Amino acid sequence: MQLPDDPAHRVDSRAALSDHIRALRADLLERGGEWENPTLERYLDALASWIDDSPAWHRNFDQEMPADGGWTFFARALSAAVVYE
């Protein structure tokens, strides 16, 4: 199965991840009514669910799971955003 066309697949650096997150925010502001999970509560719940299911997602697209370092960085970023100004 081929990967869907998604800008997330082109994120290959810290700067690209930051740009991707800002693009998601802009999309939420512009088209939030079309999002399945437009509130923070629903978005975070869906994020946790996708992470739980990500091994199957990667298998479905013949991809390898990322190294643990990537997950640690993302978890730190999510936690830091709770208090970062």
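**Close-up views of a three-helix chain**

**Figure 1. Helix H1 has the length expected of its residue count.** The 18 residues of helix H1 (residues 14–31) should span 26 Å at 1.5 Å a residue, and the 25 Å between its end C-alpha atoms agrees with this. The expected span is 1.5 Å times one less than the number of residues in the helix. Seen down the axis of H1, the buried residues fall within an arc of 100°, so they line one face of the helix; the arc is that of the directions from the helix axis to the C-beta atoms. These buried residues of H1 are Ala16, Leu17 and His20. On the other side of H1, Arg14, Asp19, Arg22, Arg25, Leu29 and Glu30 are exposed. Buried denotes under 20% relative accessible area, exposed over 50%, and partly exposed the range in between (1.4 Å probe, protein chains only).

The model is predicted: local features need pLDDT of at least 70, side-chain atom pairs count only at pLDDT 80 or more, and totals for chains, interfaces and linings use all residues. Residues are numbered from 1 along each chain as its sequence is written, and side-chain values use heavy atoms, with hydrogens and water left out.

**Figure 2. The chain as a whole follows the pattern α-α-α.** It has three helices and zero strands, where helices (H or I, at least four residues) and strands (E, at least two) are DSSP runs numbered from the N terminus. The C-alpha trace spans about 35 × 30 × 25 Å along its principal axes. Of the 85 residues of the chain, 12% count as buried.

**Figure 3. Asp27, Arg31 and Glu34 are linked in a network of salt bridges.** A salt bridge is a side-chain nitrogen of Lys or Arg within 4 Å of a carboxyl oxygen of Asp or Glu. Arginine 31 forms one such bridge with aspartate 27, with the closest N and O atoms 2.7 Å apart. Arginine 31 and aspartate 27 are four residues apart in helix H1, and therefore separated by about one helical turn. The side chain of arginine 31 also meets that of glutamate 34 in a salt bridge (2.6 Å, N to O). Within the network, arginine 31 is partly exposed, at a relative accessible area of 32%, as is aspartate 27, at 22%. Glutamate 34, by contrast, is exposed, with a relative accessible area of 60%.

**Figure 4. A salt bridge joins the side chains of glutamate 36 and arginine 42.** The N to O distance in this pair is 4.0 Å. Glutamate 36 counts as exposed at 61% relative accessibility, whereas arginine 42 is partly exposed, with a relative accessible area of 39%. A search of the whole structure finds three salt bridges.

**Figure 5. Leu40, Tyr43 and Leu44 form a nonpolar patch on the surface.** Together the three residues have about 290 Å² of accessible area, computed by the Shrake-Rupley method with a 1.4 Å probe, only the protein chains shown counting as cover for residues. Patches are made of residues with over 30% relative accessible area and no salt bridge; like charges are joined within 9 Å, and nonpolar side chains (Val, Leu, Ile, Met, Phe, Trp, Tyr) within 5 Å. Leucine 44 belongs to helix H2 (residues 40–60). This leucine 44 is partly exposed, its relative accessible area being 41%.

**Figure 6. Trp50, Trp57 and Phe61 form one aromatic cluster.** Three aromatic pairs are found in a search of the whole structure. Rings of Phe, Tyr and Trp (its six-membered ring) pair if their centres lie within 6.5 Å; planes under 30 degrees apart count as stacked, over 60 as edge-to-face and the rest as tilted.

**Figure 7. Aspartate 62 has a positive phi in a residue other than glycine.** Its phi is near 50°. Aspartate 62 lies in the loop between H2 and helix H3 (68–80). With a relative accessible area of 64%, aspartate 62 is exposed.
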